Amino acid sequence: MIRHLVLLKLNEGVERDDPRVVEGVAAFRALGGQIPELKFWECEWNITDRPVAYDFAINSAVEDTDALKRYIEHPAHQAGVALWREFATWVIADYEF
């Protein structure tokens, strides 16, 4: 199995209630039910206010690297990424477990 972790940070001046953000969150929350490769899916807002913390986290798992590639290329994933690209930056880690 491969764990796919994503931490997203809203750009300066962008708030959680911004309509673009609300749409982006909805798009990512829906992915768990749209992409069959996802064996595990959760995403949620960070609950701490530490300066080094990111704002939104995605924790997911897929079977193998081929499934990860299909997930990344899936149109619903790409649509969500396109939304977030407008107001956030992110870091990713993928590892076997």
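**Notebook: sheet, helices and pocket**

I began with one residue pair: Leu5 stands opposite Ala93 in strand 4. A reminder to myself that this is a predicted model. Leu5 and Ala93 made me look up how strand 1 and strand 4 are joined, and I found nine bridges, with the two strands running antiparallel.

Next I went to the other partner of strand 1. Strand 1 and strand 3 pair over seven bridges, again in the antiparallel sense. Here I noted Leu7, which stands opposite Ala57 in strand 3.

Then I followed strand 3 (residues 56-62) on to strand 2, and this antiparallel pairing has six bridges. My marker pair for it is Cys43, which stands opposite Ile58 in strand 3.

With the pairs in hand, I asked myself in what order the four strands form the sheet. The order is 2-3-1-4, in an open sheet with antiparallel pairing. Strand 2 (40-45) and strand 4 (88-96) are the edge strands, each pairing on one side only. I also checked the turn between neighbouring strands, which is 10 degrees on average, direction ignored.

On to the helices. Which strands does helix 1 (residues 19-30) lie across? I found strand 1 (2-10), strand 2 and strand 3, and the helix runs at about 160 degrees to strand 2. Helix 2 (residues 65-73) also packs on the sheet, touching strand 1, strand 2, strand 3 and strand 4. The direction of helix 2 makes about 35 degrees with that of strand 1.

The pocket came next. I was curious how much space lies in the largest pocket, and the figure is about 190 Å³. It is lined by 13 residues, and those closest to its centre are His4, His77, Val81, Trp90 and Ile92. Which elements each supply at least two residues of this lining? They are strand 1, helix 2, helix 3 (75-85) and strand 4. Helix 3 gives the largest share, with four residues. Sorting the lining of the largest pocket by class, I get nine nonpolar residues, three polar and one charged.

Last, I looked at the record. UniProt lists residues 2-95 as "domain: Stress-response A/B barrel", in an unreviewed entry. Over residues 2-95 I find 34% helix and 32% strand. I also looked up how far apart the end C-alpha atoms of this stretch are: 5 Å.

To close the page, a short recap for myself. The strand order is 2-3-1-4, helix 1 and helix 2 are placed against the strands as noted above, and helix 3 supplies four residues to the lining of the largest pocket.

Conventions: Residues are numbered from 1 along each chain as its sequence is written. This is a predicted model: local features need pLDDT of at least 70, side-chain atom pairs count only at pLDDT 80 or more; totals for chains, interfaces and linings use all residues. Side-chain values use heavy atoms; hydrogens and water are left out. Two strands pair if DSSP finds at least two bridges between them. Axes are lines fitted to C-alpha atoms, for helices over the stretch in contact, and angles run from 0 to 180 degrees between N-to-C directions. Contact means heavy atoms within 4.5 Å. On a 1 Å grid over the protein atoms alone, a cavity is a set of points where a 1.4 Å probe fits but cannot get out, and a pocket is an open set with protein on both sides within 12 Å along at least five of seven lines; lining residues have an atom within 4 Å of a point. Grid points are joined across faces, edges and corners, and a volume is the space filled by probe spheres set on the points. Ala, Val, Leu, Ile, Met, Phe, Trp, Tyr, Cys and Pro count as nonpolar, Asp, Glu, Lys and Arg as charged, and the others, Gly among them, as polar. UniProt positions are given in the numbering used here, feature names are shortened, and annotations may be inferred rather than shown by experiment.
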